[in-house]
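User: Hi! I would like to learn how to read a protein model feature by feature. Could you walk me through this one?

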Amino acid sequence: MTVGENIKRIRKKKGLTQRRLGELCGINEANIRKYESGKQNPKIETLTRIASALKVDTYDLIEIPFKPFTNSDDFQPHPDKNKILNDVYLMDLLDAFNELNLNGKQCAVSQVQLVASIPEYKKKYDDQ
């Protein structure tokens, strides 16, 4: 299922209208419609707000590729949720980066390098 289909499915399961979901997460009802119809993809911060309003995990809204299988030998384990979320963050980052001119890109790279040098933000061995 797509992100929009997941939002719609969970919203309806919770008995919410698009308007009420928008009110709960502070997003315009028209944008909720766009997300559900697939006309627009929400950024990760928006997904987090929607997930919080729906009282579900952000992962529950993310489209997870599914490879059907016919027997147990073809079984593919569920993809790692951290990798999926990491891919969403990367897409948001690249979208924003591509909006910048050369000076902005240089500044963005130096800011990311600065944040990457802070120990509390560094990956640990067991992080994905």
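User: Let me start with a single side chain: is glutamate 23 buried, partly exposed or exposed?

Analyst: Good place to start, and keep in mind that this is a predicted model. The general idea is to compare the relative accessible area with two cut-offs: under 20% is buried, over 50% is exposed, and partly exposed lies in between. Glutamate 23 has 49% relative accessibility, so it counts as partly exposed.

User: With which residue does glutamate 23 form a salt bridge?

Analyst: Its partner is arginine 20, and the closest N and O atoms are 3.1 Å apart. Both residues lie in helix H2, three residues apart, which is about one turn of the helix. Arginine 20 is partly exposed as well, because its relative accessibility is 39%.

User: How many salt bridges are there by this rule?

Analyst: The count comes to four. One of them joins glutamate 29 and arginine 33, with an N to O distance of 3.2 Å. These two sit in helix H3, four residues apart, again about one turn of the helix. At 25% relative accessible area for glutamate 29 and 41% for arginine 33, both count as partly exposed. There is also a network here: salt bridges link Arg19, Glu29 and Arg33.

User: Which salt bridge links distant parts of the chain?

Analyst: That is the pair of arginine 11 and glutamate 36, whose side chains meet at 2.5 Å, N to O. Arginine 11 belongs to helix H1 and glutamate 36 to helix H3, with their positions 25 residues apart in sequence. Both partners are buried.

User: Let us zoom out. What does the secondary structure of the protein come to?

Analyst: Six helices and zero strands. Reading along the sequence gives the pattern α-α-α-α-α-α. For the whole protein of 128 residues, 25% count as buried. Sequence separation is another useful view: among contacts with a separation of 6 or more, 50% are between residues 24 or more positions apart.

User: Where does the largest nonpolar core get its residues from?

Analyst: To read a core, look at its members and then at the elements that supply them. This core has 20 residues, and those with the most contacts inside it are Ile7, Leu21, Cys25, Leu47, Ile50, Leu54 and Leu61. Helices H1 (3-13), H2 (18-25), H3 (29-37), H4 (44-54) and H5 (81-98) each give two or more residues to it. H4 supplies the largest share, six residues.

User: Which residues are in contact with isoleucine 50, leaving aside its neighbours within four places in sequence?

Analyst: They are Ile7, Leu21, Cys25, Ile27, Ile32, Tyr35 and Leu61. Isoleucine 50 is itself one of the buried residues of H4, along with Ile44, Thr46, Leu47, Ala51, Ala53 and Leu54. Threonine 46 is a nice case to check: its relative accessibility is 14%, so it counts as buried. Setting aside neighbours within four places in sequence, threonine 46 contacts Ile27 and Tyr35. Just after H4 comes lysine 55, with a positive phi near 60 degrees.

User: Which residues of H3 are buried?

Analyst: Ile32, Tyr35 and Glu36. A way to read a helix is to ask how far its buried residues spread around the axis. Here they cover an arc of only 95 degrees, and therefore they lie on the same side of H3. They pack against H1, H2 and H4.

User: And lysine 34, also in H3: is lysine 34 buried or partly exposed?

Analyst: Lysine 34 is partly exposed, as its relative accessible area is 36%. Not counting residues up to four places away in sequence, lysine 34 touches Lys39 and Gln40. Lysine 34 and glycine 4 are 30 residues apart in sequence, yet their C-alpha atoms are 8.2 Å apart in space.

User: Last one: which residues make the nonpolar surface patch?

Analyst: Leu90, Leu93, Leu94 and Val112 make this patch of about 350 Å². H5 gives the largest share, three residues. Leucine 90, which lies in H5, is partly exposed because its relative accessibility is 44%. As background, the protein exposes about 9600 Å², and carbon and sulfur atoms supply 53% of that area.

Conventions. Residues numbered from 1 in each chain as written. Predicted model: local features only at pLDDT ≥ 70, side-chain atom pairs only at ≥ 80, totals over all residues. Heavy atoms only, no water. Core = buried A, V, L, I, M, F, W, Y, C linked by side-chain atoms within 4.5 Å. Buried < 20%, exposed > 50% of the residue type's maximum accessible area, 1.4 Å probe, protein only. Contact = heavy atoms within 4.5 Å. Areas by Shrake-Rupley, 256 points an atom, 1.4 Å probe, with all protein chains shown as cover. Patch = residues over 30% accessible without salt bridge, like charges linked within 9 Å, V, L, I, M, F, W, Y side chains within 5 Å. Arc of directions from axis to C-beta.
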